Amino acid sequence: MPELPEVEAIAMQLAARTAGKVVVAGHLVAFSALKTYTLGLESLAGLEISGVSRHGKFIDVDAQGVHLIFHLARAGWVTWHALVPKTLPRPGKSPIALRIELDDGSGFSLTEAGSQRHLAVYVVASPEEVPGIAALGPDPLGEDFTVEALAGTLQTAGRGQIKGVLRDQKLIAGIGNAFSDEILHAARLSPFTPANTVDAANLHGHILTVLNGTLEAVKDVDMEDLKNAKRGGLRVHGRAGERCDVCGTTIAQVSFADSSLQYCPGCQTGGKLLADRRMSKLLK
């Protein structure tokens, strides 16, 4: 799933490539992707794009006050077209969910791999009309994400596992499975540590270091290559069975029904393995 650094990089590139251009048309291919109906895609036609921004994992294309907002979910992506293809695929026959055509012939498509369809598109007059945006917690790159704010979040979460707290978009916006693994590795915390026992200042520093460091590394990478750039920079996530480049311990994994997490026993759990189930205790 694209997370804050990649989504920010995509938004930055879309902003640069679409600035001042006018939307000619929006072509919906996967009809289930459109989640709003008050404003249709046709309301974008003839409007100049005035900016592209990010809200958590949502990308917001602002066309003179009409907002095309999308969430790429687990398997979505953005493909840029220097020249938009003349033909559209048939619904159900292509990974393309939506295509936007601009007045200079360029544009972009939203695609989604796999059989599950979770990519979501909204056309609204205000970003706050999107329920997921209205419910977002503070953004780690925003001014309101302070040590004090994080400390309050951790105390409110109580005995909740810190891995889940980092992934909860209502508590902290933009962090998902991959970067929660990376942040916890950097902070030398077990993913199952109770949130209210975590040093907020230490965690806050590692959140900013990991996210800003990744963003700096990928911001100039073409969106077509961002996935590979992200994988290349990960130290534990997706690397189960490999050696930790900090301590040399073999990276371990905990699997759940529909996801998994990776961690370094040497860096994070005092050398002990975590049982491979959700409500795990450290193995004796």
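So, how many cavities of 30 Å³ or more does the count come to? One. Before I go on, keep in mind that this is a predicted model.

Let's stay with that cavity for a moment. The largest cavity holds about 30 Å³ of space. What lines it? You can click through the residues on your screens: Val23, Leu44, Val61, Ala63, Leu68 and Ile100. And if you sort that lining by type, you get six nonpolar residues, no polar ones and no charged ones.

Okay, over to the strands. Have a look at E9, residues 252-255, and E10, residues 260-263. Which way do these two run, parallel or antiparallel? They're antiparallel, and four bridges join them. Together E9 and E10 make a hairpin, with four residues sitting between the two strands. If you want a pair to zoom in on, take serine 255: its bridge partner in E10 is serine 260.

Last stop, a helix. Helix H6 covers residues 200-218, and alanine 201 is part of it. Why do we call alanine 201 partly exposed? Because its relative accessibility is 46%, and partly exposed is the class between 20% and 50%. Now put valine 147 up next to alanine 201. Along the sequence, 54 residues separate alanine 201 from valine 147, yet their C-alpha atoms are 5.6 Å apart in space.

That's my tour: a cavity with a lining of six nonpolar residues, a hairpin formed by E9 and E10, and alanine 201 in helix H6. Happy to rotate the model if anyone wants another view.

Definitions and conventions
Residues numbered from 1 in each chain as written. Predicted model: local features only at pLDDT ≥ 70, side-chain atom pairs only at ≥ 80, totals over all residues. Heavy atoms only, no water. 1 Å grid on protein atoms, 1.4 Å probe; cavity = no way out; pocket = protein on both sides within 12 Å on 5 of 7 lines; lining within 4 Å. Points joined across faces, edges and corners; volume = space filled by probe spheres on them. Nonpolar A, V, L, I, M, F, W, Y, C, P; charged D, E, K, R; others polar. Pairing = 2+ DSSP bridges. Buried < 20%, exposed > 50% of the residue type's maximum accessible area, 1.4 Å probe, protein only.
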